[in-house]
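User: I would like to go through a structure and ask how each label is earned. Please set the values against the cut-offs as we go.

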Number of protein chains: 2
Amino acid sequence: MSAEKKELLSTAPYRGTRDFYPDDMRTRITIFNTMRRVVQSFGFEEYDGPMLERFELYAAKSGDELVNEQLYHFEDRGGRHVAIRPEMTPTVARMVAARINQLPRPIRWFSIPNLWRYEKPQRGRLREHWQLNVDIFGVDGIMADLEIIEIAIRIMEAFGAGKDDFKIHISNRKMLNHFLRNILGLDQSSAGQVCRAIDKKSKIPPDAFLEMVIAAGLSSRQCDQLEHFMNLNLQTLIACPDYISDGTQDLADLFSNLNRSGLADYCTLDLSIVRGLEYYTGTVFEMYDLHPQNKRALFGGGRYDNLVGIFSDQPISGVGFGMGDVTVQDFLSVHDRIPVTPAPVQVFVALYDKDYTGQSFQLARLCRKSGLRTCTQLDAVKLGKQFKLADALGAAIVVLQGPDEISNNQVTLKRMATSDQVTVPMEDMILTINRWLEFGQIP
Amino acid sequence: MSAEKKELLSTAPYRGTRDFYPDDMRTRITIFNTMRRVVQSFGFEEYDGPMLERFELYAAKSGDELVNEQLYHFEDRGGRHVAIRPEMTPTVARMVAARINQLPRPIRWFSIPNLWRYEKPQRGRLREHWQLNVDIFGVDGIMADLEIIEIAIRIMEAFGAGKDDFKIHISNRKMLNHFLRNILGLDQSSAGQVCRAIDKKSKIPPDAFLEMVIAAGLSSRQCDQLEHFMNLNLQTLIACPDYISDGTQDLADLFSNLNRSGLADYCTLDLSIVRGLEYYTGTVFEMYDLHPQNKRALFGGGRYDNLVGIFSDQPISGVGFGMGDVTVQDFLSVHDRIPVTPAPVQVFVALYDKDYTGQSFQLARLCRKSGLRTCTQLDAVKLGKQFKLADALGAAIVVLQGPDEISNNQVTLKRMATSDQVTVPMEDMILTINRWLEFGQIP
């Protein structure tokens, strides 16, 4: 090493990303496992794809803002233009297309990938996040939409959330298109501009919204019609002959099924829901947090009937949602529902002195064989220091064998919570530990 | 859609990467969970870091071949030079350094990240792979090395492998350095060249190896000495006064502890083990497959006493290993030990006809509440087709409620393996399914 002062590298993670230290990692894993358990209870199968995909996958369907401003992309050493996946849907569409004739339908798949977007880091938005993706392919009817919405609700329930905590806002792209094209009489370009304005509405001031729709070519009468449309409730929508379209029928069927399924309390019609991504074609929905300090959309999804079409001549419809870990953690945090996770260490085997390491390794092996998460002291330091470490690791019990215990074929067990201590015959060690862990006392 | 034939995008994943369809994903998850269970039984805690890191992290320590030929790196939109992580050790070293004064020691951490290298895809090597990383920080003595090696062995045992299936080859960098510098009398540059030659030895013809060490400046007498050294066994090594060094003592202690721990059968001294990465400083080891069709190093690790030093003035030693999913799967495959995974669907709720969807959703909910992985038929097709789907999904039991069952408050259950069928009262449904799943028959 040189005599000069070394220049040290920064220990900060790359901007907009997180280091998951063990405490945070346990929370993340517990949250993902909760999601996984619910989705698997619906018979969904987990898949995964590569972190890098060809650039064209996103250029084709993901929308201009994402590709031009947020996508991480570069040329690999072989001159291939690749991108770090910003969303999972193009990957799953590619995988479905590749085996479109072999996969039994419907295809019920989920994944929990990490995704990358070049974002200005802010609350709820980071450059790297994880996202549960749940999709059904190959069902045209709204029963698939119903199942997808039910899964989203069951996941929220599994986190302990109830109908006062969140609400699912549901709309339908076909209904919106029918309104913009056939009732307002807009051309495709104007309709697209209005869609983008509606999608931004909740994030911008009312004046800015009005400016956007006027710029899209709406007259003041059309602006009023749009305002009226966005505030319609289900009864009025269904009752008005003007609005009748495939989308209306789907919405009516979906809500009557939500009702029969006891899920209607969680849901509301909201015709201002668009979803940013351009590939949605039918049902669209967003889940809103109802907590006063976090009133915003948590996540959403919908039906996309032609996404696989960029890879295959055979059409197959899809419906699904994506649920990001950052927004879910914000939700759980504001509702005080971050899951409690167990301590990583149950049993700590202390070291009497250096000559007893073989013995302590052997004790630890016995504990592990019984399924106890057990660690050993690796260097000989004072017992007081060892107890401090055991405590810092959350160990419930410390095991120690010194010369007296060994000559009597015994072991001493200390319960950290109360400092109770017993010396028991070796053959009772596991039984005693298990009872202590289970009942909090030695019976 | 235009009248011309659309140009379809390829469905192939990016070169050197894998799509994980559900069957492959179940295997991957089962393998990772086996690793996780073993490592956690030693009290290790899981962590994770971001996929992208600053380029300097790898430039500092990872070795020239990796950085110049294999690293994926590029400039982000803000002009930052970033890299996709090719290995996890720099990330974990950065994380440890960032909290070096808060973390209780020893730090026992593991992670299962995906890693990227621009490789020419071939057996055992892909551009994206996953790797279990297990590390202990903050213990200078070889008891940490012993624990790390024991964990590697216990993982192999958890996969069902025994001492005839694999062998751990162990050496020590301090020993090797002592031999090259003090016994052969080489300067640092020559010693480095010889190290690289030894590291490549098993992959190149004997002549090519000889050429490399001669190019490094070795005389023919030195070549003989090197050959002799690499073939030493433990007894000879320990007995010869010339070889005495810190490394010899560590090796002797490690093997005597392996012996006392009953792990010696799995291990052998092999002074030709170097490990490519430049940061190893003490114990190094590689695990070899003993199967005649797969005789090669599966994975390895060792002690690196100054890696955290690129981030922090406070020294902390580390010892660990990395175990890649591709090589592990090759090992399990050639030993016929790929784990069997359970079917994703246990219960399939058939649909009598369209008007019964609410009913079938309700039955499915009952099953899920009892922890059964259950899916429903979403569109009304002939029952024969539904049974085929249930079979394709691996469902053990099909549940059906038609008009007769409903009017009698009953349900019909069909066991797919035998085509047995019973109609039972609704309140017996779950009990009957569980018994069928557990005992293979209705008692």
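Analyst: One definition comes before the rest: helices and strands are DSSP runs, a helix having at least four residues and a strand at least two, and they are numbered from the N terminus. The model is a predicted one. With those terms, A:Pro106 can be placed in the loop between helix H4 (89–98) and strand S5 (107–111) of chain A.

User: What makes the peptide bond that joins A:Arg105 and A:Pro106 a cis one?

Analyst: Its omega is about 0 degrees, and the bond between A:Arg105 and A:Pro106 is listed as cis. In chain B, a cis peptide bond joins B:Arg105 and B:Pro106, with omega again about 0 degrees. B:Pro106 sits in the loop between helix H4 (89–98) and strand S5 (107–111) of chain B.

User: What is stated about the phi of A:Ser419?

Analyst: A:Ser419 has a positive phi of about 65 degrees, although this residue is not a glycine. A:Ser419 belongs to the loop between strand S16 (410–415) and strand S17 (421–425) of chain A.

User: Why are H13(B) and H16(B) called oblique to each other?

Analyst: Helix H13 (residues 357–369) of chain B packs against helix H16 (residues 429–439) of chain B at an angle of about 60 degrees, and their axes are 10 Å apart. Roughly parallel needs an angle under 35 degrees, and roughly perpendicular covers 65 to 115. An angle of about 60 degrees fits neither class, so H13(B) and H16(B) are oblique. H13(B) passes H16(B) in a right-handed crossing.

User: Which residues make that contact, and how do they divide by class?

Analyst: From H13(B) come B:Leu363, B:Leu366 and B:Cys367, and from H16(B) come B:Met429, B:Ile430 and B:Ile433. The division is 6 nonpolar, no polar and no charged. Leu, Ile, Met and Cys are on the nonpolar list.

User: Why are H5(B) and H11(B) oblique?

Analyst: Helix H5 (residues 142–158) of chain B and helix H11 (residues 246–260) of chain B pack at an angle of about 50 degrees, with axes 10 Å apart. That angle is not under 35 and not within 65 to 115, so H5(B) and H11(B) are oblique. H5(B) passes H11(B) in a right-handed crossing. The H5(B) side of the contact includes B:Asp145 and B:Leu146, and the H11(B) side includes B:Asp250, B:Asp253 and B:Asn257. By class, the contact has 6 nonpolar, 1 polar and 3 charged residues.

User: What makes H7(A) and H8(A) roughly antiparallel?

Analyst: The angle between helix H7 (residues 188–200) of chain A and helix H8 (residues 206–215) of chain A is about 170 degrees, and the axes lie 9 Å apart. The cut-off is over 145 degrees, so H7(A) and H8(A) are roughly antiparallel. Among the residues that meet are A:Gln193 and A:Arg196 in H7(A) and A:Phe209 and A:Met212 in H8(A). This contact divides into 7 nonpolar, 1 polar and 1 charged.

User: How do you know that the two copies are related as by a two-fold rotation axis?

Analyst: Chain A can be laid on chain B by a turn of 180 degrees and a shift of 0.0 Å along the axis, with an RMSD of 0.0 Å. The two copies are thus related as by a two-fold rotation axis. In chain A, A:Phe74 has the C-alpha nearest the axis, 3.4 Å from it.

User: Why is the aromatic pair of A:Phe74 and B:Phe74 called stacked?

Analyst: The centres of A:Phe74 and B:Phe74 are 4.4 Å apart, with 10 degrees between the planes. A pair needs centres within 6.5 Å, and planes under 30 degrees apart count as stacked. A:Phe74 lies in strand S3 (residues 73–75) of chain A and B:Phe74 in strand S3 (residues 72–75) of chain B, so the pair joins two chains.

Notes
Residues numbered from 1 in each chain as written. Chains lettered and ligands numbered in written order. Predicted model: local features only at pLDDT ≥ 70, side-chain atom pairs only at ≥ 80, totals over all residues. Heavy atoms only, no water. Axes fitted to C-alpha atoms, helices over the stretch in contact; angles between N-to-C directions. Left-handed = near helix turned anticlockwise from the far one by under 90°. Contact = heavy atoms within 4.5 Å. Least-squares fit on C-alpha atoms with pLDDT ≥ 70 in both. Phe/Tyr/Trp six-rings, centres within 6.5 Å; stacked < 30°, edge-to-face > 60°.
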